[in-house]
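Me: I have this one open on my screen and would like to go through a few places in it with you. Can we start with how some of the helices pack?

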Amino acid sequence: MDYRERIFQQEGASFPGRTYVEAVLEPAFNEAKNHLLEPMMAINKAHLIMLREQELITDGEARMIARALSGIDLDELRRSSYTGQFEDLFFQVESRLLELAPDVAGNLHLARSRNDMGITIYRMVLREKLLVTLASALYLKEHLLLFAHEHAETVMIGYTHTQQAQPTTMAHYMLAATDLLSRDIKRLIQAYHTCNRSPMGAAALTTSGFAISRERMKELLGFDELVENSYDAVCGADYLGEVATAVQLAAINLGRTVQDMLLWCTQEFAGLKVASPYVQISSIMPQKRNPVSFEHMRSLLSSCAGNATTVLTMMHNTPFGDIVDTEDDMQPYAWRGMSVLEQMYRLMASVVGTMEVNKDVLLERAKESYATVTELADTLVRTDRISFRKAHHIVSSVVKEAMSAGLAANQISLELVNRAAQAVIGRGLVLTAEELALALDPVHFVAIRKLPGGPSPDEIKRMIGERQRAWQEEAEWLAQAKQSCTAAAQKLDQMTAEWSVG
């Protein structure tokens with residue numbers, strides 16, 4: 001027996017080969033029965049209604065097909081295993097319809113293809129998962145804003161290049177994270193708009209000679225628009241790429257905040273304390289409170305970004321033609337990425353909403369830090385009418401001498417500052433001891449930074465108010481989008497149910 005015969009003996013001589021079933025068809029079938037069955041049935045119902053309204057089938061045929069659709073046991077299909085009898089779930093459903101309504105049910109496939117059906121199903125699944133993800137994103141945004149409001153006056157050090165930079169507040173930091181999240185929400189909403197367009201009626205590629213109504217299919221399935229060009233409708237996959245890109249950026253953005261949270265939970269930093277439901281105790285070291293919730297968020301968000309990268313990589317160099325079968329392989333990575341992101345949004349909200357902030361430690365560290373000396377340079381410009389560059393030279397000299405002497409920033413004396421000024425500008429300063437103390441006070445530093453976007457408590461509260469109003473608008477949009485999809489599905493069920501008993 002030659003090697004070809006041995007392969008045929010192991011794999012079988014007809015479609016599908018055993019390994020092809022194991023590696024491709026069975027995994028795709030399992031994903032389809034869990035995720036694609038309901039939108040597939042919705043498309044069947046919508047297409048039936050449209051065909052009857054366009055008088056492409058008779059009233060009697062429509063009622064027979066409606067009864068056949070009602071007769072399919074979806075739970076039985078979900079419990080079924082891949083046997084190889086049918087290539088995929090679509091043909092299994094079609095076979096069952098033909099059993100229930102012989103020959104007549106064959107007209108249900110009039111003027112449509114697995115191509116436009118497949119892409120439509122994927123878009124319907126993606127839009128549903130996007131709405132779930134967006135709901136959790138808004139849940140996190142709500143809790144971040146509540147946390148920021150609580151900490152509008154919690155002074156801490158802000159960092160650049162991982163080094164102490166300037167005093168700010170916990171609210172200022174958390175609003176920055178909220179604004180990142182807000183942009184992620186906008187990208188996810190835009191991805192939803194791109195996704196929520198109907199390809200139905202494109203058929204295999206070029207539409208059909210039958211007088212179907214693509215617009216009616218769009219309406220029945222709850223889509224906002226058509227993918228007008230029929231070639232684009234079945235070949236353009238950028239709707240999926242846009243979702244993957246939005247998810248990838250969202251995971252990366254949230255992951256950066258998680259990295260900071262992990263650092264701030266260390267005993268050395270001592271800024272945050274994660275609540276008991278989200279820490280684990282060491283099996284050998286009784287003193288340890290491991291912030292495992294943040295650790296898992298960090299790694300899982302990386303997996304989320306990785307799944308999104310996989311989608312984009314699988315799209316790369318794919319011909320600009322029908323890739324429905326390739327999308328069978330791509331879609332689950334997008335679904336998994338969104339599922340992880342949605343879970344991490346909810347987990348982050350719970351962890352942040354329950355953690356404690358050590359305000360005293362953060363404030364004391366800010367008082368001792370040289371992070372305030374930018375304001376000292378600014379103050380010298382005001383009190384002594386010198387250029388900022390000269391003021392910068394004076395303060396730089398002060399910092400070097402004070403650090404060499406082991407002084408904290410709030411221990412800098414007026415004598416030391418005047419000595420540095422004498423060396424730089426050849427005279428002492430008008431600056432008083434009271435003005436020096438105020439310039440080195442981190443609370444004062446924060447309070448006077450009232451420019452738009454600054455950390456002063458009043459400005460923080462203004463920004464929180466604006467973002468809460470934006471959150472309300474986003475929540476209202478989400479509710480409307482959900483209602484639109486739900487109403488379309490309910491109408492399909494109602495109409496086909498009425499026909500099936502008529």
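Reply: Bear in mind that this is a predicted model. In it, the crossing of helices α12 and α13 is left-handed, and the residues where α12 contacts α13 divide into 17 nonpolar, five polar and two charged.

Me: At roughly what angle do the axes of α12 and α13 cross?

Reply: The axes of α12, which covers residues 292–315, and α13, which covers residues 324–354, cross at roughly 155 degrees and come within 8 Å. Angles over 145 degrees count as roughly antiparallel, and α12 and α13 are therefore roughly antiparallel to each other.

Me: Ok, and Asn 307 in α12, is that buried or exposed?

Reply: Asn 307 counts as buried, because its relative accessibility is 13% and the cut-off for buried is under 20%.

Me: Which residues does Asn 307 touch, leaving aside neighbours within four places in sequence?

Reply: With those neighbours left aside, Asn 307 is in contact with Tyr 333, Arg 336 and Gly 337, and these three residues belong to the α13 side of the contact with α12. Between Asn 307 and Tyr 333 the C-alpha to C-alpha distance is 5.2 Å, although 26 residues separate them in sequence.

Me: Switching topic, where does Thr 133 sit?

Reply: Thr 133 lies in helix α7, residues 114–150, and is buried, with a relative accessible area of 1%.

Me: What does the side chain of Thr 133 reach?

Reply: The Thr 133 side chain reaches the backbone oxygen of Lys 129 at 2.9 Å. Beyond its neighbours within four places in sequence, Thr 133 is in contact with Leu 188, Met 338, Leu 341, Glu 342 and Tyr 345.

How values were computed
Residues numbered from 1 in each chain as written. Predicted model: local features only at pLDDT ≥ 70, side-chain atom pairs only at ≥ 80, totals over all residues. Heavy atoms only, no water. Helix = DSSP H or I, 4+ residues; strand = E, 2+ residues; numbered from the N terminus. Buried < 20%, exposed > 50% of the residue type's maximum accessible area, 1.4 Å probe, protein only. Polar contact = N/O pair within 3.5 Å; in protein donor to acceptor, adjacent residues only side chain to side chain. Contact = heavy atoms within 4.5 Å. Axes fitted to C-alpha atoms, helices over the stretch in contact; angles between N-to-C directions. Parallel < 35°, antiparallel > 145°, perpendicular 65-115°, else oblique. Left-handed = near helix turned anticlockwise from the far one by under 90°. Nonpolar A, V, L, I, M, F, W, Y, C, P; charged D, E, K, R; others polar.
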